[in-house]
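Student: I would like to go through this structure by asking, for each label, what justifies it. Could you set the values against the criteria as we go?

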Amino acid sequence: MTKRYPSKQKDQSGLVMLMVVGVVVLMIVLLALLLEDQHRMIRQIGNQRVAEQGFQYSQGLNAWALRVLHEDNNPLVDHEDEKWAKFGRPEEEIEGQDDSFSLESTTARSQEEEDEEATIDFGIDTVEVTIDDLQGRYNLNNLISAQKDVGPPVDQKRIFLNLLQILEIGEFQEDRDQLYWNLVDWIDENDTSAGFGAESGDYQVKTKPYYASDQLLSSVGELRYVRGFTKNIISKLRPYTTVLPVSNAKLNLNTLSPEVLASLAGGPVADSSQVDVFLARKEQPGFQGFNQGDINAAESAINLVSPGQGFVKNMLQVNSQFFQINTKVELGDQKVCTRTIVLRPSINNSTLQERETTISVISREQDTVCRELIDSQTEQQKNGDENLS
Ligand SMILES: [Ca+2]
Ligand SMILES: [Ca+2]
């Protein structure tokens, strides 16, 4: 009987010990969870702070770029040697100018400088800003008429088909016609296929059905929803086309590529060598941009691209109203990219003084992947190498 007592005591103390260990383990687990939660919260706040900081830098860069566009010396002519076109492109910097600027990171700059200077590290890895002239590219929204209840303009169809031919899109004429009608039906207001194209009914039978947009394109990337426009076709088109909120955008002779200029031929492209000869004038020393008087000479060159077929009239000008401001900010592993389309009204509609307040933002895209910007730049480089060499 007496032997049972110590055994019971032993059992009880074992149980207490087990409970103590259990409580300690529970506390450790809770503490670990609490710490992890706190750590995650700190990281989240840090990320938010960095993202906000990146956004503020982008805003600053956009404001700076707008300022540069405002200060354009001659709004009647816009060419690649002007300050806005060189803005943010360091390799184009003009040495010895007081108002020159540098967007190199402090570390890159300090490496170059032999003298040891005191530099402040703001923690910015990349800051990029450039301005593109969107009227150096063909506006796909030109494919439908600017007037209501008027069919798609035939001359714009010609330009689009020529561009496809030049960029070697579509094996046969029929393939290019098909792409044209699919795109027209995608943009035009009605739901009636022009006979060859694709309207909502054609997209409704897909595994993931959707409707045709039936309004102006909002980005070149939107083409991926249009029947027939493959990734490869879109990447070929991207450097030469744009999407503006109008259907009657002209092209700036100063910033367009030989491909786009040749596409203005009145018939299928046979020989575009005279267009190359004309644009080579840009390489002459002291070239200060084509002006209004050069448009006739440009049209004569296009006239020879498709002999006997003439050219599409009223498509050329020597300045621009639509520009795109591109910014990229990298802070640690955080990225912020913006693409802003702005409208600087034609000088005919406003005085030089009023211009100061009339540049307006048409649209702005922002993302933290920067994919489209990167894709578009590498595609442009790649296609440029292939087509212009
Ligand atoms: Ca200008
Ligand atoms: Ca339609």
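Tutor: In this predicted model, 69% of the contacts with a separation of 6 or more are accounted for by residues 24 or more positions apart. The protein has 12 helices and 8 strands, and buried residues make up 31% of its 389 residues.

Student: What makes Glu168 exposed, and where is Glu168 found?

Tutor: Glu168 is found in the loop between α4 and α5. There are 10 other C-beta atoms within 10 Å of Glu168, and because the label exposed applies at 12 or fewer, Glu168 is exposed. Its phi is near 55 degrees, a positive value in a residue other than glycine, and Glu168 follows α4.

Student: Why is Asp214 called partly exposed?

Tutor: Asp214 has 14 C-beta neighbours inside 10 Å. A residue is exposed at 12 or fewer and buried at 20 or more, so Asp214, with its 14, counts as partly exposed. Asp214 lies in the loop between α6 (200–204) and α7 (231–237), and its phi, near 55 degrees, is again a positive value in a residue other than glycine.

Student: How do you know that the length of helix α5 agrees with its number of residues?

Tutor: Helix α5 covers residues 173–187, and at 1.5 Å a residue its 15 residues should span 21 Å. The expected span uses one less than the number of residues, and the end C-alpha atoms of α5 are 21 Å apart, so the two values agree.

Student: What is the result when α4 is put through the same reasoning?

Tutor: The 13 residues of α4 should span 18 Å at 1.5 Å a residue, and because the end C-alpha atoms of α4 are 18 Å apart, the expectation is met.

Student: Which residues of these two helices are buried, and what covers them?

Tutor: In α5, the buried residues include Arg176, Leu179, Tyr180, Trp181 and Leu183, and what covers the buried residues of α5 includes α4 (154–166). In α4, Gln156, Arg158, Ile159, Phe160 and Leu161 are among the buried residues, and their cover includes β2 (138–139), α5 and α8 (258–262).

Student: What makes Leu183 stand out in the largest nonpolar core?

Tutor: The largest nonpolar core holds 69 residues, and Leu183 is one of those that touch the most other members, together with Ile131, Leu261, Leu264 and Ile302. The element that gives the most to this core is α5, with 7 residues. Leaving aside residues up to four places away in sequence, Leu183 touches Leu143 and Val226. In soluble globular proteins, nonpolar side chains tend to be buried together.

Student: Why are β1 and β8 said to stand at the edges of their sheet?

Tutor: The sheet is open and formed by 4 strands in the order β1-β6-β7-β8, with antiparallel pairing. β1 (126–133) and β8 (360–367) each have a single partner strand, so one side of each is left without a neighbour in the sheet, and that places them at the edges. From one strand to the next, the twist averages 15 degrees.

Student: How do you know that β6 and β7 are paired?

Tutor: Pairing requires at least two bridges between the strands, and β6 (residues 322–331) and β7 (residues 334–343) share 10 bridges in the antiparallel sense, so the requirement is met. Among the bridge partners, Val329 goes with Val336 and Asn326 with Arg339. The two strands form a hairpin with 2 residues between them, and Gly332 in the turn has a positive phi of about 60 degrees.

Student: What pairs with β7 on the way to β8, and which residue stands opposite Arg339 there?

Tutor: β7 and β8 pair directly, in the antiparallel sense, over 7 bridges, and Arg339 stands opposite Glu365 in β8. β7 is mostly covered, since 7 of its 10 residues are buried.

Student: Why does Pro345 count as partly exposed?

Tutor: Pro345 has 14 C-beta neighbours inside 10 Å, and because this value falls between 12 and 20, Pro345 counts as partly exposed. Pro345 is found in the loop between β7 and α11 (355–358). Pro345 and Ser320 are 25 residues apart in sequence, and their C-alpha atoms are 8.6 Å apart in space.

Conventions. Residues are numbered from 1 along each chain as its sequence is written. Chains are lettered from A and ligands numbered from 1 in the order in which they are written. This is a predicted model: local features need pLDDT of at least 70, side-chain atom pairs count only at pLDDT 80 or more; totals for chains, interfaces and linings use all residues. Two residues are in contact if their C-beta atoms, placed from the backbone, lie within 7 Å. A nonpolar core is a set of buried Ala, Val, Leu, Ile, Met, Phe, Trp, Tyr and Cys residues joined through C-beta atoms within 7 Å. Axes are lines fitted to C-alpha atoms, for helices over the stretch in contact, and angles run from 0 to 180 degrees between N-to-C directions.
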